Amino acid sequence: MRRTGVVTLLGAVLVTAACSAPRTTTPSPIAEPEPLTTTSAAPPTTSTTTPPPPAPPCAVTTGACVSLPQRLAWLLRDGRVVRGPVPAGFGPPDQATPAGSFRVVWKDREHRSSQYGTDMPNSVFFAAGGIAFHAGPLDAPSHGCVHLTDADAAAFFDGLNVGDAVQVL
């Protein structure tokens, strides 16, 4: 009889221990499923950051830089870009915008071309033959000038001083 009591007592202890101890071999019905693993590579991630704008290709530190192949212009002051790159329009091959290093010669906020009879708002003249930065359509050829949007032409007019460097590449 003693033996039976011990067996019963041990059975109760074993049952209690089995019920109260966590199971390590079978997952709980409310446990999160384990992530699936595959042998294929993960899909490439896409970046949401935009690349920085192109830097001015000119040696100018104060003045303007123009890239003919990129169709862009920059306004610089003390080695810093203060506006740009901005889109720019140029002359066609038979009236090409001249490349080279120049200086701002004069400015006229409400200039009208005496040769072509067209308005050239916010003109900043920098090359022989009346070549200037001024407001004009970006999709229409100029007569060698650098066309800028109205806002960009106003910023170049306000930001450039007579004597400032202009480099056209």
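In the predicted model, Asp164 is placed in the loop that runs between helix H2 (150–159) and strand E9 (165–168). Its relative accessibility is 10%, and Asp164 therefore counts as buried, since the limit for that class is under 20%. The side chain of Asp164 forms a polar contact with the side chain of Arg77, at 3.1 Å. Arg77 is also listed among the residues that Asp164 touches, together with Thr62, Gly63, Phe102, Arg103, Val104 and Gly159; residues up to four places away in sequence are not counted here.

Helix H2 also holds Ala155. With a relative accessibility of 19%, Ala155 falls under the 20% limit and so counts as buried. When residues up to four places away in sequence are left out, Ala155 touches Leu75 and Arg83. Ala155 and Arg83 are separated by 72 residues in sequence, but their C-alpha atoms are 7.8 Å apart in space.

The largest nonpolar core consists of 23 residues. Within this core, the residues with the most contacts are Phe126, Phe133, Leu148, Phe156, Leu160 and Val166. At least two core residues come from each of strand E1 (63–67), strand E2 (72–77), E6, E7, strand E8 (146–148), H2 and E9. A second core, separate from this one, has seven residues, including Cys58, Trp74, Leu76 and Ala165.

The surroundings of Val166 can be described in further detail. Val166 touches Phe126 and Phe133, and its other contacts are Val60, Ala64, Gly100, Ser101, Phe102 and Val104, again without residues up to four places away in sequence. Phe102 and Val104 also appear among the residues touched by Asp164.

Empty space in the model was examined next. Rolling a probe the size of a water molecule over the atoms shows where such space is left. The largest pocket has a volume of about 330 Å³. Its lining is made up of 21 residues, and those closest to the centre of the pocket are Ser113, Tyr116, Thr118, Met120 and His143. Strand E6 (119–127) and strand E7 (131–135) are the elements that contribute two or more residues to this lining. Both strands also supply at least two residues each to the largest nonpolar core. By residue type, the lining of the largest pocket comprises twelve polar residues, eight nonpolar residues and one charged residue.

Key. Residues are numbered from 1 along each chain as its sequence is written. This is a predicted model: local features need pLDDT of at least 70, side-chain atom pairs count only at pLDDT 80 or more; totals for chains, interfaces and linings use all residues. Side-chain values use heavy atoms; hydrogens and water are left out. On a 1 Å grid over the protein atoms alone, a cavity is a set of points where a 1.4 Å probe fits but cannot get out, and a pocket is an open set with protein on both sides within 12 Å along at least five of seven lines; lining residues have an atom within 4 Å of a point. Grid points are joined across faces, edges and corners, and a volume is the space filled by probe spheres set on the points. Helices (H or I, at least four residues) and strands (E, at least two) are DSSP runs, numbered from the N terminus. Ala, Val, Leu, Ile, Met, Phe, Trp, Tyr, Cys and Pro count as nonpolar, Asp, Glu, Lys and Arg as charged, and the others, Gly among them, as polar. Buried means under 20% relative accessible area, exposed over 50%, partly exposed in between (1.4 Å probe, protein chains only). A polar contact is a pair of N or O atoms within 3.5 Å; within protein, one must be able to donate a hydrogen and the other to accept it, and residues adjacent in sequence count only if both atoms are side-chain atoms. Contact means heavy atoms within 4.5 Å. A nonpolar core is a set of buried Ala, Val, Leu, Ile, Met, Phe, Trp, Tyr and Cys residues joined through side-chain atoms within 4.5 Å.
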